[in-house]
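Student: I would like a close look at one part of this model, taken slowly and set in the context of the chain around it. Please start from a single residue and work outwards.

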Amino acid sequence: MNFHLDDKVTDRVITNVQLIDSERNELFCDKLRMIFIDLPAFKKTV
């Protein structure tokens with residue numbers, strides 16, 4: 001991906017996403033997790 005996930009937060013590099021049951025407000029599955037790494041936040045200097 002060549003874009004930032006959240007333009008408002010610039011110091012956040014890793015985003016953890018989990019599924020939550022909205023009716024019970026409980027975690028749906030503790031074994032399912034998506035981790036997004038904001039690669040454009042890393043600037044390589046040459």
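Leaving aside its neighbours within four places in sequence, which residues is F28 in contact with?

Tutor: This is a predicted model, and what follows should be read with that in mind. Once the neighbours within four places in sequence are set aside, F28 is in contact with L19, I20 and D21. F28 itself belongs to the loop between β3 and β4, where β3 covers residues 26-27 and β4 covers residues 34-37. Despite these contacts, F28 counts as exposed, because its relative accessibility of 60% lies above the 50% cut-off. The C-alpha atoms of F28 and Q18 are 8.0 Å apart in space, with their positions 10 residues apart in sequence.

A related set of partners appears for E26, which is found in strand β3 and, again apart from neighbours within four places in sequence, is in contact with I20 and D21. I20 and D21 are thus partners of E26 as well as of F28, and residues 20-21 are the ones that make up β2. E26 is partly exposed, since its relative accessibility of 44% falls between the cut-offs of 20% and 50%.

D21 deserves further attention, for its side chain also meets that of R24 in a salt bridge, with 3.5 Å from N to O. The two partners differ in exposure: D21 is partly exposed, with a relative accessible area of 24%, whereas R24 counts as exposed at 60%. Beside R24 in sequence comes N25, which is placed in the loop between β2 and β3 and has a phi near 60°, a positive value in a residue other than glycine. N25 is exposed as well, because its relative accessible area of 64% is over the 50% limit.

Following the chain past F28, one comes to D30 and K31, whose side chains meet in a salt bridge at 3.8 Å, N to O; both D30 and K31 are exposed. The structure holds two salt bridges, one of them between D21 and R24 and the other between D30 and K31.

Beyond this loop lies strand β4, where I35 is found. I35 joins I14, I37, L39 and F42 in a nonpolar patch on the surface, and together these residues have about 510 Å² of accessible area. In the segment after β4 sits D38, which counts as buried because its relative accessible area is 7%, under the 20% limit. D38 and R12 are 26 residues apart in sequence, yet their C-alpha atoms are 8.0 Å apart in space.

To place this part in the whole, the protein chain has zero helices and four strands, which run β-β-β-β from the N terminus on. Of its 46 residues, 4% count as buried, while the accessible surface comes to about 4,700 Å², with 54% of that area belonging to carbon and sulfur atoms. Among the contacts with a separation of 6 or more, 34% are between residues 24 or more positions apart.

Technical notes
Residues are numbered from 1 along each chain as its sequence is written. This is a predicted model: local features need pLDDT of at least 70, side-chain atom pairs count only at pLDDT 80 or more; totals for chains, interfaces and linings use all residues. Side-chain values use heavy atoms; hydrogens and water are left out. Patches are made of residues with over 30% relative accessible area and no salt bridge: like charges are joined within 9 Å, nonpolar side chains (Val, Leu, Ile, Met, Phe, Trp, Tyr) within 5 Å. Accessible areas come from the Shrake-Rupley method with a 1.4 Å probe; for residues, only the protein chains shown count as cover. A salt bridge is a side-chain nitrogen of Lys or Arg within 4 Å of a carboxyl oxygen of Asp or Glu. Helices (H or I, at least four residues) and strands (E, at least two) are DSSP runs, numbered from the N terminus. Buried means under 20% relative accessible area, exposed over 50%, partly exposed in between (1.4 Å probe, protein chains only). Contact means heavy atoms within 4.5 Å.
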